[in-house]
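Here is a friendly walk through one structure, with stops at its metal site, its empty spaces and some of its backbone details. Keep the viewer open as you read.

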Amino acid sequence: MQHITILGSTGSIGTSTLDVVARHPDKFGVVALTANSQVDLLFRQCQQFKPRYAVLLDEAAAGQLRQRVREAGMGTEVLSGMAALEQVAVLPEVDAVMAAIVGAAGLRPTLAAARAGKKILLANKEILVMAGSVFMDAIRASGSILLPIDSEHNAIFQALPCGYDGNLAANGVRRILLTASGGPFRNTPLDELQNVTPEQACAHPNWVMGRKISVDSASMMNKGLEVIEAHWLFNASADDIQVVIHPQSVIHSLVEYVDGSVLAQLGNPDMRTPIAYALAYPQRMEAGVEPLDLFKVATLDFVAPDFERFPCLALAYQALRAAGTAPALLNAANEVAVAAFLDKQISFLAIPRVIEAVLNALPVDAVECLEDVLGADAQARGAAQQQIRKIK
Ligand code: NAD
Ligand code: MG
């Protein structure tokens, strides 16, 4: 029996994780579920999975949940705040932590879990983008197992040699081919991009996801963040990683070897596959995913990415090459810009403009510790807000 904490249980990844867990009650016990402020859904999840703890970041929401749990006579203890998120990630009875909070907000509890040596199932890519060196050091120091949930990185993990030691060349790897669907605006005329709405940006052709990652997919910042994520997970340089547009999202990524072999992982676009892979690792288990019907898929297309249509992808490569705090600046500026776009304060095309202005305005420093990252994150958020006020 594996005991797990799910950080961000009410989100797209969180609910898919619980869907897989519910199929294997003999294998998994839920210790804690957490969310930002969604009382109703977290209450229903508590009824079904009977966790020992439920945490809401928002204190008022936690008060409501506590009352409902008490009225229903349930045994779940309801906590609130960032310290409680950290607390349920490091409990001695927890074996594995699903990191499925969106954005920088997930950093502290996930880092705490890594430091405590928990097995980490990592969906929250922003953690690696902003604090890759700090997080990977914590994983190494505690000896925890880190399993990627992001479908592309999960595919790469599966296509790399078992027990891959972080040296691509020594393992005969020539490069990593990171696939991208191209999002909803892959073929939209450039002059129409100015006026696209948050609803259009969130209507992804192949995946149903949270709003932030959906906008990132539309701008292809998501792929940029994933290039940086792959850098940290697999010790790959920017030059080792080639982005490939593959609109069908059937191949989830590939690894090319020096002998000419190219290994790919295929499957229907359903996050329950990488989630089940990581939960069962190193075994396999049923995930509820529809089998891949190659006859129905019939064709697979591949196109090179267009950096002019998707300037966010170029900005991410630029930040990875600049290293130090540059990816943290990129990530924070992107979070602020995407929130402003979702809030209809700025246009879709203003997102890369805000990020570029922040990257140009702020110095890049070395990252020695977590405080360096948090300082850069705060500075970039301030600079991005300022830029947005100027644009509006
Ligand atoms: P989502 O918006 O659907 O869910 C986010 C979860 O985090 C919710 O439970 C929410 O309550 C919680 N949360 C949000 N802000 C919080 C805060 N400030 N403090 C505490 N909790 C907070 O997002 P998602 O689509 O599930 O994505 C989660 C993460 O997984 C993201 O980093 C995303 O990039 C990554 N990811 C998602 C997918 C996908 O298919 N959805 C695929 C790959 C990677
Ligand atoms: Mg992905």
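## Pockets and cavities

A pocket here is an open set of grid points with protein on both sides within 12 Å along at least five of seven lines, and its volume is the space filled by probe spheres set on the points. With that in hand, and bearing in mind that this is a predicted model, we can turn to the second largest pocket, which has a volume of about 640 Å³. Its lining is made up of 24 residues, and those closest to the centre are Leu146, Phe157, Tyr164, Gly166 and Leu233. Four elements, α6, β7, α7 and α10, each give two or more residues to this lining. Which of them gives the most? That is α10, with 4 residues.

Closed spaces can be looked at too. Rolling a probe the size of a water molecule over the atoms shows where empty space is left. The count comes to 2 cavities of 30 Å³ or more, and the largest cavity holds about 70 Å³ of space. If you would like to find the largest cavity in the viewer, select its lining: Leu193, Ser219, Arg309, Phe310, Pro311, Cys312, Phe348, Leu349 and Pro352.

## The magnesium site

Next comes the metal. The magnesium ion (ligand 2) is coordinated by Asp150 (OD), Glu152 (OE) and Glu226 (OE), at 2.1 to 2.2 Å. Along the sequence, these donor residues follow the spacing D-x1-E-x73-E. Distant parts of the chain are linked in this way: Asp150 sits in the loop between β7 (146-148) and α7 (151-159), while Glu226 belongs to helix α10 (residues 221-234), and the two are 76 residues apart.

Are Asp150 and Glu226 buried or exposed? Both Asp150 and Glu226 are buried.

## Two loop residues with polar partners

Ser144 is found in the loop between α6 (125-142) and β7. Because its relative accessible area is 10%, Ser144 counts as buried. The side chains of Ser144 and Ser142 are joined by a polar contact of 3.0 Å. Leaving out residues up to four places away in sequence, Ser144 touches Ala114, Gly117, Lys118 and Ile139.

Asp270 offers another example, placed in the loop between β11 (262-266) and α11. With a relative accessible area of 18%, Asp270 is buried, since the cut-off for that class is under 20%. A polar contact of 2.8 Å joins its side chain to that of Arg272. Beyond its neighbours within four places in sequence, Asp270 is in contact with Trp207 and Val289.

## Backbone details worth a look

What is the form of the peptide bond from Tyr281 to Pro282? This bond is cis, with omega near 5°. Pro282 itself is placed in the loop between α11 (272-280) and α12.

Positive phi values are also found in residues other than glycine. Asn235 has a phi of about 55° and lies in the loop between α10 and β9 (241-245). Asn235 counts as exposed because its relative accessibility is 53%, where the class begins over 50%. Ala298 has a positive phi as well, near 65°, and its place is in the loop between α12 and α13 (311-322). At 62% relative accessibility, Ala298 is likewise exposed.

## Helix α12 and the cysteines

Val297 is found in helix α12 (residues 294-297). Val297 touches Val250 and Leu292, not counting residues up to four places away in sequence. Val297 and Val250 are 47 residues apart in sequence, and their C-alpha atoms are 8.2 Å apart in space.

How many disulfides does the structure hold? The number is 0. As for the surroundings of individual cysteines, Cys46 is buried, with a relative accessible area of 1%, whereas Cys369 counts as partly exposed, at 30% relative accessibility.

Technical notes:
Residues numbered from 1 in each chain as written. Chains lettered and ligands numbered in written order. Predicted model: local features only at pLDDT ≥ 70, side-chain atom pairs only at ≥ 80, totals over all residues. Heavy atoms only, no water. Donors = N, O, S within 2.8 Å, 3.2 Å for Na, K, Ca; no water. Buried < 20%, exposed > 50% of the residue type's maximum accessible area, 1.4 Å probe, protein only. Contact = heavy atoms within 4.5 Å. Disulfide = S-S within 2.5 Å. Polar contact = N/O pair within 3.5 Å; in protein donor to acceptor, adjacent residues only side chain to side chain. 1 Å grid on protein atoms, 1.4 Å probe; cavity = no way out; pocket = protein on both sides within 12 Å on 5 of 7 lines; lining within 4 Å.
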